[in-house]
Amino acid sequence: MNVYDGERMAELLAAQGITPAPEGEDADLVVLNTCHIREKAVDRIYSDIGRLSKNKSPLIAVAGCVAQAEGEEIMRRAPEVSMVVGPQAYHRLPAMIEEAVAGRRSVDTDMPAETKFDKLPARRKVGPSAFLTVQEGCDKFCTYCVVPYTRGAEVSRPYADLLAEAQRLTDAGAMEITLVGQNVNAWTGEDAKGRSVGLDGLIRDLAEIPALKRIRYTTSHPNDMTEGLIAAHGEIEKLMPFLHLPVQSGSDRVLKAMNRSHSVESYLKVLDRARTVRSDIALSGDFIVGFPGESDAEFEETLSLVAHVGYAQCFSFKYSPRPGTPAATMDDQIAPEVMDERLQRLQAALQVSSLAFNQASVGRKCQVLIDRTGRHEGQWLGKSPWLQSVYFEGDVKIGDLVEVELVEAGPNSLRGRLLAV
Ligand code: SAH
Ligand code: SF4
């Protein structure tokens, strides 16, 4: 979502005549779009601010969730910063820049009733694979998580706006759209006929856009995985066979303490249903190790879950206490060295799983959407339907959707052989 927000801010500034600084030249204005989800991301911002103000002293804006959470604190700690703008207020950035040019600092962490989306200019040129925010915020209040505080309550963008923006994205060159939201599968809206629809209804209608070839969505919550959305994976060809469904832990006790409102069993049922409707679906998840009170045995349950599911790729994190969340003040915080060891073991297990998934794909023929050049001359990189990175050589270009045979697998990518353009 930060990538999407960053693109929208760049478009907004471009409409004011503010264009990207040429490579290697210092910028007059720097917008730091920040993430507050873990402490490490926050620490980096202050060192970035220090580094930026060493040379040319550009105008600095801090945007995103750290801005939302620490607005006034940033102003106090970093006098070099002249603008602090939260994720729901960035449409007001041009006015703040005018203030900053006049020497006045400003903070805007409002969550206004009017939506920023209506104030943003139309989409410009985009790459073959684009993001589209369909839903923001979260009402789930997992005990470790800052998102409900920084992004606010769950809000779905209107159906008509999304269809129009998707059309504009494809007009601007997108062939793949990833629908994004903190709880993307909680999206609801009213379709063109006034019927109430969920994310599967939206995907079904987006699939009718001829120039759009692939649809993905992220991130989903297990409890909002409706039967309709699961069924869509078996019915809509453009919906790619990939499901990112964070679980966080393989222990029911830990899940309860996290306020996840799903059990290991109910989670596995959703995965089973997804595999029933789409046998080749690639599964993905998020994990947190070292949640307060997590015992060795409970961590072992997470490893067992990983071995059982056979994930294609996952994200895994050390628990990071976030200010204002219930878990931050829980007893039994886990020692850093224990977290380190658990993360290492989990990541080793996830690597084994990814490698096995990729090895099982060798010999498959599939379409790859080329989105960048590779490391070597004449090499291209793209994504398989299962979101694997595939590299290969051939006379092609970025944006081509080509037929490739997968010939060799590593844990993070596959080598392919170009069959047809
Ligand atoms: N809404 C999604 C996840 C959004 S946050 C969901 O509920 O599944 C993305 C991921 O960051 C989470 O899935 C979680 O694994 C991780 N995360 C969130 N808060 C964290 C914290 N305090 N410490 C470590 N990881 C965290
Ligand atoms: Fe955070 Fe996701 Fe839980 Fe919401 S559902 S509180 S975004 S982890």
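The legends below describe close-up views of strands in a predicted model.

**View 1. An open sheet is built from three strands.** The three strands lie in the order 12-13-14, and their pairing is parallel. Strand 12 (242-244) and strand 14 (313-318) stand at the edges with a single partner strand each, so one side of each is left without a neighbour in the sheet. On average, and with direction ignored, neighbouring strands of this sheet are turned by 10° against each other.

**View 2. Strand 12 pairs with strand 13 in the parallel sense.** Strand 13 covers residues 282-289, and three bridges connect it with strand 12. One pair to look for is F242 with its bridge partner A282, which belongs to strand 13.

**View 3. Strand 3 is enclosed, and strand 2 runs parallel to it.** Five of the five residues of strand 3 (residues 81-85) are buried, which means under 20% relative accessible area, and so the strand is largely enclosed by the rest of the structure. Strand 2 (residues 59-64) pairs with strand 3 over four bridges, and V62 stands opposite V84 of strand 3. Between these two strands the chain passes through helix 3 (residues 65-77), making a β-α-β crossover that is right-handed.

**View 4. Strand 3 is also joined to strand 4.** These strands run parallel, with three bridges between strand 3 and strand 4 (residues 106-108), and the bridge partner of V85 is D108 in strand 4. Here the chain crosses from strand 3 through helix 4 (residues 93-101) to strand 4, and this β-α-β crossover is left-handed.

Key: Residues are numbered from 1 along each chain as its sequence is written. Chains are lettered from A and ligands numbered from 1 in the order in which they are written. This is a predicted model: local features need pLDDT of at least 70, side-chain atom pairs count only at pLDDT 80 or more; totals for chains, interfaces and linings use all residues. Side-chain values use heavy atoms; hydrogens and water are left out. Two strands pair if DSSP finds at least two bridges between them. Axes are lines fitted to C-alpha atoms, for helices over the stretch in contact, and angles run from 0 to 180 degrees between N-to-C directions. Buried means under 20% relative accessible area, exposed over 50%, partly exposed in between (1.4 Å probe, protein chains only). A crossover is right-handed if, with the strands pointing away from the viewer, the path from the first strand over the helix to the second runs clockwise.
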